[in-house]
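Open the structure in your viewer and keep the selection box handy. We will go from the whole chain to single residues, one stop at a time.

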Amino acid sequence: MQHLPNTLQLFFNDLAAIPEVEALLLAGSQTAATTDQHSDYDVYVYSSQPVPEASRRAVFEKHGAKMEVSNTFWELEDDGHIGSAPIELIYRSWDWLEHEMERTVVRCEPWIGFTTCFWDNFIRSRILFDRTGRARALQEKYSVPYPEALKNNIIQKNLPLLRAQMPNYLDQVKKAIQRDDVVSINHRIAAFLASYFDVLFAINHLPHPGEKKLVRIVKERCQQVPAHFEEDIRAITLLNAPLEQVPFHLERMTDEIEGMVEG
């Protein structure tokens with residue numbers, strides 16, 4: 001647990017002493033070279049059996065942590081601060097993890113947007129504690145080249161939704177603009193971007209890094225980038241363009257990424 005603030009090292013030592021805790025993995029921007037002054041600590045707690053809430057609370061109390069315990073809005077989480085450090089503890093089972101890795105890396109099953117985020121999250125995680133070596137073994141198992149079948153399946157599922165098939169996001173945005181339905185405009189643009197980025201990262205054979213700092217990550221990591229990528233993204237997300245011009249930028253984004261797929 002080197003290179004962590006001392007308060008966090010001591011906290012993680014005590015968390016790792018809970019018998020049910022089998023591995024602690026640090027993920028998110030802290031391990032992706034995208035950290036900034038707003039970044040928190042995302043720590044995944046892996047186990048075969050649930051980690052008792054009473055044991056977690058005892059560790060929090062010992063370290064004076066201000067935590068919301070057992071939040072279940074997304075996954076089971078404890079969220080708060082250790083000293084001045086913002087932290088999220090996310091609890092996952094090994095069975096869940098292996099199911100997700102098999103679904104993505106072996107069976108190559110696509111989602112509508114964010115298909116490979118769990119894969120990216122896990123293989124980029126930094127192991128802080130690994131009681132049995134299982135975390136290291138699974139990281140090695142799934143640190144493999146991007147499967148070509150996965151790339152093709154993601155493109156096949158997501159690319160038609162941009163424009164080619166009904167109901168597609170571009171038509172939905174146009175209708176929302178005609179209705180002056182600003183909530184629907186934003187909702188459908190967000191859906192467009194979810195599929196767009198899934199395709200873009202698949203074209204580049206890169207696991208999807210999640211929701212944050214995507215423009216920066218694309219510019220830094222992707223070999224293939226649409227010609228008007230940043231201009232179009234800024235136009236539709238910051239609404240720097242008049243509403244009637246938003247479809248133009250969505251059309252151009254679709255043209256360029258379809259051209260990349262077609263080679």
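The tour below starts with the overall chain and then moves through a helix, its surroundings and a few backbone oddities.

Before you click, note that this is a predicted model, in which local features need pLDDT of at least 70 and side-chain atom pairs count only at pLDDT 80 or more, while totals for chains, interfaces and linings use all residues. Residues are numbered from 1 along each chain as its sequence is written, and side-chain values use heavy atoms, with hydrogens and water left out.

**Stop 1: the whole chain**

Select the protein chain and show it as a cartoon. You should find eleven helices and six strands; helices (H or I, at least four residues) and strands (E, at least two) are DSSP runs, numbered from the N terminus. The C-alpha trace spans about 55 × 35 × 30 Å along its principal axes. Of the 263 residues, 49% are buried, where buried means under 20% relative accessible area, exposed over 50%, and partly exposed in between (1.4 Å probe, protein chains only).

Now think about contacts, meaning heavy atoms within 4.5 Å. Among those between residues at least 6 apart in sequence, 61% join residues at least 24 apart.

**Stop 2: helix α3**

Select residues 94-106, which form helix α3. Its 13 residues reach 17 Å from first C-alpha to last, close to the 18 Å expected at 1.5 Å a residue; the expected span is 1.5 Å times one less than the number of residues. Show side chains and look for the buried ones: Trp 94, Leu 97, Glu 100, Met 101, Arg 103, Thr 104 and Val 105.

What covers the buried residues of α3? Add β1 (23-27), β2, β5 (85-93), α4 (117-124), α5 (134-142) and α6 (148-162) to the view, as the cover includes these elements.

**Stop 3: Leu 138**

Step across to helix α5 and pick Leu 138. Leu 138 counts as buried because its relative accessible area is 8%. Leaving aside residues up to four places away in sequence, Leu 138 touches Trp 94, Leu 97, Glu 98 and Phe 122. Try the distance tool on Leu 138 and Leu 97: they are 41 residues apart in sequence, and their C-alpha atoms are 9.3 Å apart in space.

**Stop 4: backbone oddities**

Most residues other than glycine have a negative phi, and most peptide bonds are trans. The next three selections are worth checking with that in mind.

- Cys 108 follows α3 and sits in the loop between α3 and α4. Its phi is positive, about 55°, although it is not a glycine. With a relative accessible area of 6%, Cys 108 is buried.
- His 205 lies in the loop between α8 (182-203) and α9 (214-221). Phi of His 205 is also positive, near 55°. His 205 is partly exposed, at 33% relative accessible area.
- Pro 167 is in the loop between α6 and α7 (169-179). A cis peptide bond joins Met 166 and Pro 167, with omega about -10°.

**Stop 5: Gln 49**

Buried or exposed: which is Gln 49? Find Gln 49 in the loop between β2 (41-47) and α2 (53-62). Gln 49 is exposed, with a relative accessible area of 53%. For a last distance, link Gln 49 to Ile 154: the two are 105 residues apart in sequence and 33 Å apart from C-alpha to C-alpha.
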